[in-house]
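Here are some worked exercises on side-chain interactions, to be done with a viewer open. Try each task yourself before you read on to its solution.

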Amino acid sequence: VQLQASGGGLVQAGDSPRLSCEASDRTFRSWNMAWFRQAPDKEREFVAGVSWSGGSTVYADSVKGRFTISKDNPKNTAYLQMSSLKPEDTAVYYCAADTRGNRRIGISSMNHIYDIWGRGTLVTVSS
């Protein structure tokens, strides 16, 4: 199983880029998905999570109201729509899959719940 993240790059403050995360396995439809990020010299932190059905979402307080996570099961792809970006959003963004959960109830913000990780995509926000 592989996750391929894309959509990062150099953006301006206030921009609204969208990150994508495509899975290589059709059992994607049974996984809760999440986005984490790691800024320079900081620990990896939870950004947003979506339930296996796409019907429920959770967000870190720092991005609530600005970021939207979603999941398109027929396309095996999860998305992170970002808006009103700030320089402090600069980080490597990782998508992660909870493949062991098999339609787990409840979206975790804990790293260890997610067993498959994408390679990360760098988002640099200039002011």
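The exercises below go through a predicted model, one kind of interaction at a time.

**Exercise 1. The disulfide**

Task: Find which cysteines form a disulfide, work out its handedness, and say where the partners lie.

Solution:
- Start with the sulfur atoms. Those of Cys-21 and Cys-95 are 2.1 Å apart, and a disulfide calls for sulfur atoms within 2.5 Å, so the pair qualifies. The count for the structure comes to 1 disulfide.
- Next, take the torsion about the S-S bond. For Cys-21 and Cys-95 it is about 65°, so the disulfide is right-handed.
- Then place the partners. Cys-21 belongs to strand 3 (residues 18–23) and Cys-95 to strand 9 (residues 91–98), so the bond ties together parts that are 74 residues apart in sequence.
- Finally, look at accessibility: Cys-21 and Cys-95 are both buried.

**Exercise 2. Rings around Phe-36**

Task: Classify the aromatic pairs that Phe-36 forms with Tyr-114 and with Trp-117, and say which parts of the chain they link.

Solution:
- A search of the whole structure gives 4 aromatic pairs. One of them joins Phe-36 and Tyr-114, with 5.6 Å between centres and 70° between the planes. Planes over 60 degrees apart count as edge-to-face, so that is the class of this pair.
- Phe-36 sits in strand 4 (residues 32–38), while Tyr-114 is in the loop between strand 9 and strand 10 (116–117), so the pair ties together parts that are 78 residues apart in sequence. Phe-36 and Tyr-114 are both buried.
- Now turn to Phe-36 and Trp-117. Their centres are 4.9 Å apart with 50° between the planes, and the pair is tilted. It links strand 4, which holds Phe-36, to strand 10, which holds Trp-117, across 81 residues.
- Compare the two partners' accessibility. Phe-36 has a relative accessible area of 0%, so it is buried; Trp-117 has 26%, so it counts as partly exposed.
- To finish, follow the ring pairs outward: they connect Phe-36, Phe-46, Tyr-114 and Trp-117 into a cluster.

**Exercise 3. Charges over rings**

Task: Say which ring has Arg-44 over its face, and which has Lys-71.

Solution:
- For Arg-44, the ring is that of Tyr-94, with 4.0 Å to the ring centre.
- For Lys-71, the ring is that of Phe-28, with 4.2 Å to the ring centre.

**Exercise 4. The surroundings of Ser-108**

Task: Describe where Ser-108 is found, whether it is buried or exposed, and what its side chain reaches.

Solution:
- Ser-108 is in the loop between strand 9 and strand 10.
- Its relative accessibility is 15%, so Ser-108 counts as buried.
- The Ser-108 side chain reaches the backbone nitrogen of Met-110 at 2.9 Å.
- Once neighbours within four places in sequence are left aside, Ser-108 is in contact with Phe-46, Ile-113 and Tyr-114. Two of these names may be familiar from the ring cluster: Phe-46 and Tyr-114.

**Exercise 5. Salt bridges**

Task: Take the salt bridges Asp-61 with Lys-64, Arg-104 with Asp-98 and Asp-115 with Arg-100, and compare the accessibility of the partners in each.

Solution:
- The count for the structure comes to 6 salt bridges. Begin with Asp-61 and Lys-64, whose closest N and O atoms are 3.2 Å apart. Asp-61 is exposed at 66% relative accessible area, and Lys-64 is exposed at 52%.
- Arg-104 and Asp-98 meet at 2.5 Å, N to O. Here Arg-104 is partly exposed, at 31%, whereas Asp-98 is buried, at 2%.
- Asp-115 and Arg-100 meet at 4.0 Å, N to O. Each lies in the loop between strand 9 and strand 10, so the pair ties together parts that are 15 residues apart in sequence. Asp-115 is partly exposed at 26%, while Arg-100 is exposed at 55%.
- As a last step, look for shared partners: salt bridges of this kind join Arg-37, Glu-45, Arg-66 and Asp-89 into one network.

Terms used:
Residues numbered from 1 in each chain as written. Predicted model: local features only at pLDDT ≥ 70, side-chain atom pairs only at ≥ 80, totals over all residues. Heavy atoms only, no water. Helix = DSSP H or I, 4+ residues; strand = E, 2+ residues; numbered from the N terminus. Buried < 20%, exposed > 50% of the residue type's maximum accessible area, 1.4 Å probe, protein only. Phe/Tyr/Trp six-rings, centres within 6.5 Å; stacked < 30°, edge-to-face > 60°. Lys NZ or Arg CZ within 6 Å of the ring centre and 35° of its normal. Polar contact = N/O pair within 3.5 Å; in protein donor to acceptor, adjacent residues only side chain to side chain. Contact = heavy atoms within 4.5 Å. Salt bridge = Lys/Arg side-chain N within 4 Å of Asp/Glu carboxyl O.
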